[in-house]
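Hi everyone, thanks for making time for this. I'd like to walk you through a structure that is probably new to you, so let's bring it up on the screen.

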Amino acid sequence: MTLDPVRPIDPADLPAWPQHDHTEREALERVLAHGQWWRAAGTENDDFEREFAAYNGAPYALAVTNGTVALELALRLHGIGPGDEVVVPAFTFISTSLAVQNVGATPVPADVDPETYCLTPEAVRAVLTPATRAVIPVHIAGHLADMPALAALAAERDLVVIQDAAHAQGGVWQGTKVGEFPSVACYSFQNGKLMTAGEGGALTLPDEKTYEQAYLMHTCGRPRGDTTYQHVTGGSNSRVSEFTAALLRAQLARLAEHTRIREERATLLDGLLKDAPGLRVQARDLRMDVNPHYMYLVALDPAAGRAARDRLVEELKAAGVPACVNFPPVYRPASFRAGPVPATSVAELAERCPVSEDLGAHGLWIHHRVLLAEPRVVERVAEVVTTLAERVTGAVVAR
Ligand SMILES: *Cc1c(COP(=O)(O)O)cnc(C)c1O
């Protein structure tokens, strides 16, 4: 059955991503003119870290090359390595589990909440073993995991908490900013993320001692100002250039206003899609004060099947809505089996993680630049999504 075309979204109505203006240009020219392009000789990294820490309510921040490396550094900071188990949500981008494997530890996937799609304390509790050392909640699509509840479980079982906040710079839960929780949080500034320098990452850190250790480890163990090759800790080089830091300062200056607009548009879109037949959208826990909205997550009724979802993504793209299939459960791609893995089989993991299986097979995400568009464009997007979802489910079910 071929579907009648819907009136597509005019590409000119969707804001470009990434966004930039004269402030990014001035930032790059400032570094160029300064003549010293690495952090040891400049001030952009230090300034960015101070500004980013403040934005997220953290006492300290450290800029690093990307979000994956940020997670690896956070794990190494806590001495996590071979023989240790780290609980990760099954529904996340692969870096959450890959980082665990890259430090030699074993990721243990646990399922997410069927409403918010975030890791729950109950799911973590169900997979704890004597080898569990840490848990990495992911603030999926900008929605914070229930950090107070996870922290309470972590305290009870003596576990380290590391936040994967790649989607959640600026998130606030019951008055607490993401960097204000007493745990290390890891952020990404890859091209699609909410602020970007093409690539980039950061950690926020809860105390000076952890920050100082992270600083050393991100620069081959060299103390600040070292000119005599003192290497006082292990580590690697995950420093970013002054160009990256300067760009990120310009991007950060735009984030609060972007977040305000995305919050408004997401509320609008939620309302418009709430009663769409056969569609589900990520719910919002009312304890969330600010959701920066990295992805807008939509899922079809499981009865429609994976083929309907795949078809819907293609139809949405053809109609000018930037859409993509959801992350598969982390244990499904081949790369998962390239590192240390739990003894549990993929079939057993799938049985343990029905929500992540469902979201991976039936869910999709819409790019956050849609949430920066004018309300009338968001209304048109809702119309296109609703119409195509109905048709695609109908078409597949009718086969
Ligand atoms: C993007 C992302 C990362 C990794 O960040 P990179 O900067 O791409 O390395 C980690 N976790 C999640 C949830 C992400 O979406």
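Let me begin with a small puzzle: which residue stands opposite Val184 in β8? That would be Ile162. Before I go on, please keep in mind that what you're looking at is a predicted model.

So, β8. Ile162 brings us to strand β5, residues 160–164, which runs parallel to β8, with three bridges joining the two. β8 also pairs with strand β9, residues 201–205, but this time the strands run antiparallel and there are four bridges. If you want a spot to look at there, find Cys186, which stands opposite Leu203 in β9.

Now, how much of β8 is buried? Five of the five residues of this strand, 184–188, are buried, so the rest of the structure largely encloses it. In a regular strand, side chains alternate between the two faces of the sheet. You can follow that here: Val184, Cys186 and Ser188 point one way, Ala185 and Tyr187 point the other way, and all of them are buried.

Hang on to Ser188, because it takes us to the ligand. There are 15 residues around the ligand, and the ones that come nearest are Gly67, Thr68, His167, Ser188 and Lys193. Let's look at some of the individual distances. The side chain of Thr68 has an N or O atom 2.5 Å from an oxygen atom of the ligand. With Gly67 it's a backbone N or O atom, and that one lies 2.7 Å from a ligand oxygen. Asn66 also takes part, with a side-chain N or O atom 3.4 Å from an oxygen of the ligand. And how much of the ligand does the protein bury? On its own the ligand exposes 380 Å², and the protein buries 93% of that.

Asn66 has another role in the picture. It caps the N-terminal end of helix α3, with a side-chain oxygen 3.0 Å from the backbone nitrogen of Thr68. The helix itself covers residues 67–77 and is mostly covered, with nine of its eleven residues buried. Among the buried ones are Gly67, Val69, Leu71 and Glu72. After α3 comes Gly79, which has a positive phi, near 70°.

Okay, let's move over to another sheet. This one is open, has four strands in the order β10-β12-β14-β13, and pairs in the antiparallel sense. Which strands stand at its edges? Those are β10, residues 279–281, and β13, residues 323–325; each has a single partner strand, so one side of each is left without a neighbour in the sheet. From one strand to the next, the twist averages 30°.

Inside that sheet, β12 (295–300) and β14 (363–367) are joined antiparallel over five bridges. You can pick out two of the partners by eye: Val298 has Leu364 as its bridge partner in β14, and Tyr296 has Ile366. β14 also runs antiparallel to β13, with three bridges between them, and there Cys324 is matched with Trp365. As for cover, five of the five residues in β14 are buried.

Two helices belong in this view as well. Helix α8, residues 242–273, packs on the sheet and touches β10 and β12, with its direction about 10° from that of β12. Helix α11, residues 354–362, lies across β10, β12 and β14, and runs at about 60° to β14.

Last stop: two single residues. Is Arg39 buried or exposed? Buried, with a relative accessible area of 6%. You'll find Arg39 in the loop between α1 and α2. Its side chain makes a polar contact of 3.3 Å with the side chain of His218. Leaving aside neighbours within four places in sequence, Arg39 is also in contact with other residues, including Asp46, Glu49, Tyr215 and Glu242.

The other one is Ser97, which sits in helix α4, residues 95–102. Ser97 counts as buried too, because its relative accessibility is 0%. Setting aside neighbours within four places in sequence again, Ser97 is in contact with Val88, Pro107, Val330 and Phe336.

That's my tour, thanks for listening. Shall we rotate the view and take questions?

Definitions and conventions
Residues numbered from 1 in each chain as written. Predicted model: local features only at pLDDT ≥ 70, side-chain atom pairs only at ≥ 80, totals over all residues. Heavy atoms only, no water. Pairing = 2+ DSSP bridges. Axes fitted to C-alpha atoms, helices over the stretch in contact; angles between N-to-C directions. Contact = heavy atoms within 4.5 Å. Buried < 20%, exposed > 50% of the residue type's maximum accessible area, 1.4 Å probe, protein only. Near = heavy atom within 4 Å. Polar contact = N/O pair within 3.5 Å; in protein donor to acceptor, adjacent residues only side chain to side chain. Areas by Shrake-Rupley, 256 points an atom, 1.4 Å probe, with all protein chains shown as cover.
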